[in-house]
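Welcome! Here is a short briefing to help you find your way around a protein chain you have not met before. Please have a look at the structure, then read on.

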Amino acid sequence: MAKGLGKGINAFFPELDTREEEAVKEISIKECRPNPYQPRKTFHVDAIDELKESIIEYGILQPLIVRKSIKGYEIVVGERRFRAAKEAGLSTIPVIVKDLTDEKMMELALLENLQREDLTPIEEAFAYSNLIKELGITQEELSKRLGKSRSHIANLVRLLSLPEQITALINNGELSMGHGRALLGLKDKEKIIPVVDKIRKETLNVRQVEQLIINLNEKIPQNKKKVPVKKDIFITERENRLRDHLGTSVSIHKGKRKGKIEIEFFSDDDLDRILEMFK
């Protein structure tokens, strides 16, 4: 279960309590349509087939949650069961009908997937971004509503500023979220595709990519090795704390008499987000 969601969905949405037996009803599967706010875009065929076989043998053990729409019903929770039931050839499915707003539907669809931890980083990022826009709330407010840290949400949403072909590679698992975060630090954005090609060709890990980007940003020739400067462990620990809190790269430079803190931002919106945290 995803961290911060241990209380279960009903803790966030008491109106979804489905313990009343009389609330369950059978409706035609043809009357249902997928959740328009479903954050998960990929449904693995093997998983659907496995669930289909279970439904054929035991039936649908847990009813779907739906809401009434102009044309039939929209699935709020249980789209995977819906798809498997169609594959199994069922004509009706058990459901519980709930009266939910679009906002509640979006939140619930995201929470259900977060609890199962089966969203890709990009699917999760798009879900957070859509909720922020549709609900008109800040990342801080969303973090409180979902039980996720603000830095986690910020780090994922920032991935969406990468080129589409890069987010596609993260989405299908060819690049990790760590690779994506490292690529965000590349100053010359025209070099991002060649860097990604190098990552894939040489199977570079995140640490190697971070060093590569540092070298590129400082315009250090790749055939010359930079002698690493060992940073004080306490300075590094404070950099990490600030980075996790602010959701961006932070560097602390300590001199004999004074020092400075460098905080990276990638757009005007990102700068406003960081400044808002200091209020």
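A residue is called buried when its relative accessible area is under 20%, and exposed when that value is over 50%. Keep those cut-offs in mind, as they come back several times below. The model you are looking at is predicted.

**The chain as a whole**

- The protein chain contains 13 helices and 7 strands.
- It has 279 residues, and 41% of them count as buried.
- About 17200 Å² of the protein chain is exposed, with carbon and sulfur atoms supplying 51% of that area.
- Take the contacts between residues at least 6 apart in sequence: 66% of these join residues at least 24 apart.

**The sheet**

- A good place to start is an open sheet of 5 strands, arranged in the order 1-5-3-4-2 with mixed pairing.
- Strand 1 (24–28) and strand 2 (32–33) are the edge strands, each pairing on one side only.
- In general, the strands of a sheet pair through backbone hydrogen bonds, and they do so either parallel or antiparallel.
- Strand 3 (residues 64–69) runs parallel to strand 5 (residues 92–97), and 3 bridges join the two.
- Strand 3 also runs antiparallel to strand 4, to which 5 bridges join it.
- The link between strand 3 and strand 4 is a hairpin through 2 residues.
- I65 lets you see both pairings: its bridge partner in strand 5 is I96, while in strand 4 it stands opposite V77.
- L64, too, has a residue opposite it in strand 5, namely V95.
- How many residues of strand 3 are buried? The count is 5 of its 6 residues, and the strand is mostly covered.

**Helices around the sheet**

- Helix 3 (residues 79–87) packs on the sheet, where it touches strand 2, strand 3, strand 4 (72–77) and strand 5.
- The direction of helix 3 makes about 125 degrees with that of strand 4.
- Now look for K52, which sits in helix 2 (residues 45–58).
- Is K52 buried or exposed? K52 counts as buried because its relative accessibility is 17%, which falls under the 20% cut-off.
- Leaving aside residues up to four places away in sequence, K52 touches A84, E87 and A88.

**The annotated stretch and helix 6**

- An unreviewed UniProt entry carries the annotation "domain: HTH cro/C1-type" for residues 133–156.
- Over residues 133–156 the chain is 75% helix and 0% strand, and the C-alpha atoms at the two ends are 15 Å apart.
- Which residues of helix 6 (residues 139–146) are buried? They are Q139, L142, S143 and L146.
- Why do these residues line one face of helix 6? Seen down the helix axis, the buried residues fall within an arc of 105 degrees, so they share one face.
- After helix 6 comes G147, which has a positive phi, near 75 degrees.

**A loop residue to look up**

- T203 lies in the loop between helix 10 (192–202) and helix 11 (206–217).
- Although T203 is not a glycine, its phi is positive, at about 45 degrees.
- T203 counts as exposed because its relative accessibility is 64%, a value over the 50% cut-off.

Technical notes
Residues numbered from 1 in each chain as written. Predicted model: local features only at pLDDT ≥ 70, side-chain atom pairs only at ≥ 80, totals over all residues. Heavy atoms only, no water. Pairing = 2+ DSSP bridges. Helix = DSSP H or I, 4+ residues; strand = E, 2+ residues; numbered from the N terminus. Contact = heavy atoms within 4.5 Å. Axes fitted to C-alpha atoms, helices over the stretch in contact; angles between N-to-C directions. UniProt positions renumbered as here; feature names shortened; annotations may be inferred. Buried < 20%, exposed > 50% of the residue type's maximum accessible area, 1.4 Å probe, protein only. Areas by Shrake-Rupley, 256 points an atom, 1.4 Å probe, with all protein chains shown as cover. Arc of directions from axis to C-beta.
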